[in-house]
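Here is a walk through one protein. Keep the sequence and the 3D view side by side as you read.

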Amino acid sequence: FCACAEMAAMKTSPSLYQEMTDYLETMIAGGVFRPGERLMPLRELGNRFGVSPSTVRRGIEYLCEKGLLEMRHGSGTYVVEKRSVPENGERSVAVFIISDDLRDSYCAHALRGVQLEAARRKWPLRLFFSTYEEAGAPDFIERHRSAWQCNAVIMLGCYDGLLRQVPRCCPGVGMEMCNSYGGAFSVLSLDPFNAAETAADYFREHGMCHVKILSHELPVFRMRANVFRERWAEFGTSEVVEFDSTDVDCYEREPLRDDSCGYYVTSGTIFHVLAWAFHRETGGELGFERRILSVDGKSLILPGYEPVDTIALDWQDAGALVMEEAGRRIEQPGTPARRIFLNGTLKTAER
């Protein structure tokens, strides 16, 4: 290694980077670095190949994206443990769900679809429940490491707004997510382009020239806001009001007093909180007193939500498709992750 280091010192940075990644790939492929084994510290790798810490990290991230390594928060970098399918054909699937109450969650409807499809396949499920606060904790992945021993992982809810990275030891599917984590996850959500087209027709039909877009910092909602804003620019003006999930009072500070414009709300949850604040202030029903179009259809399935015009998904069907995608990735190892968009249906509230 001394001789290699002397030669490496004379090479260009790209060559050093390639030498390091090639070496690690060879050691993993040859079984010198065994599945589950922790690598030497990044500083030691840098010294061995004569590269900077940033170059080492870039190489490690590249190998993580290829599914060879995984970085565990506060622990180090490990060789991925490959999962094999048991000889009897049985697969197990871990399901994370952003909810601690299955009576009041759109994810519960999606979970029902997952369960029905899993029962058809006779595959067992392992359920992991969490609130957004728990999922945002730095040690969330480490605390649930047993989930990544399954043949696939499903995440129901906007986990990509909370997790910077995920292990790559098994394929994943995320519902209401945008981030594929370098191909580790297939993602499924309501089609933002179809929703934008439907919403543009809706507001034009009702004579709106200006639309206020009420959105949220989570990636899937931000994407809906941006796509609609670009589509609506052909017909009128718009502005985006984006709420911060850490600032609950900001919902109440959006008064919605202007009844001359339309309101495009990128999540039923946002509408629900705004409707509650509006009713407390005025005694009225927001969905009937303003020209509002909400997205996702939560108002149709969750108790306590005021009626509102909405672009709705069938969440149980969405859950079944999530499970089908997990099955595809298990049964066809090495196939790439996919982005799946589902068309919503315009549902008008009775006035």
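**Strands, a buried serine and two cores**

Strand S11 (residues 291–296) and strand S12 run parallel, joined by four bridges. This is a predicted model. Leu293 stands opposite Asp309 of S12. S12 also pairs with strand S14 (residues 345–347), this time in the antiparallel sense and over three bridges. There, Thr310 has Lys347 in S14 as its bridge partner.

Now look at the side chains of S12, which covers residues 309–312. Asp309 and Ile311 point one way. Thr310 and Ala312 point the other way. Are these residues buried or exposed? All of them are buried.

Step back for the whole protein. It has 13 helices and 14 strands. Of its 351 residues, 50% count as buried. Its accessible surface is about 16800 Å², and carbon and sulfur atoms hold 50% of that. Take the contacts with a separation of 6 or more: 66% of them link residues 24 or more positions apart.

Next, find Ser215 in strand S8 (residues 210–216). Its relative accessible area is 0%, so Ser215 counts as buried. Which polar atoms does its side chain meet? One is the backbone oxygen of Phe221, 3.1 Å from a polar atom of the Ser215 side chain. The side chain of Thr266 also makes a polar contact with the side chain of Ser215, at 3.1 Å. Leaving aside neighbours within four places in sequence, Ser215 is in contact with Phe221, Arg222, Ala225, Val241, Glu242, Phe243, Thr266 and Ile270.

Now turn to the nonpolar residues. In soluble globular proteins, nonpolar side chains tend to be buried together. The largest nonpolar core here has 49 residues. Those with the most contacts inside this core are Val93, Ile154, Leu156, Met175, Phe203, Phe228 and Tyr264. Which element gives the largest share of this core? Helix H9 (residues 219–232) does, with seven residues. Another core lies apart from this one. That second core has 23 residues, among them Phe128, Ala135, Phe140 and Phe185.

Finish with a closer look at Phe228. What is this residue in contact with, leaving aside its neighbours within four places in sequence? The list includes three alanines, Ala196, Ala199 and Ala200. Val211 and Ile213 are on it as well. So are Phe203 and Tyr264, and both of these are also among the residues with the most contacts inside the largest core.

Terms used. Residues are numbered from 1 along each chain as its sequence is written. This is a predicted model: local features need pLDDT of at least 70, side-chain atom pairs count only at pLDDT 80 or more; totals for chains, interfaces and linings use all residues. Side-chain values use heavy atoms; hydrogens and water are left out. A nonpolar core is a set of buried Ala, Val, Leu, Ile, Met, Phe, Trp, Tyr and Cys residues joined through side-chain atoms within 4.5 Å. Buried means under 20% relative accessible area, exposed over 50%, partly exposed in between (1.4 Å probe, protein chains only). Contact means heavy atoms within 4.5 Å. Two strands pair if DSSP finds at least two bridges between them. A polar contact is a pair of N or O atoms within 3.5 Å; within protein, one must be able to donate a hydrogen and the other to accept it, and residues adjacent in sequence count only if both atoms are side-chain atoms. Accessible areas come from the Shrake-Rupley method with a 1.4 Å probe; for residues, only the protein chains shown count as cover.
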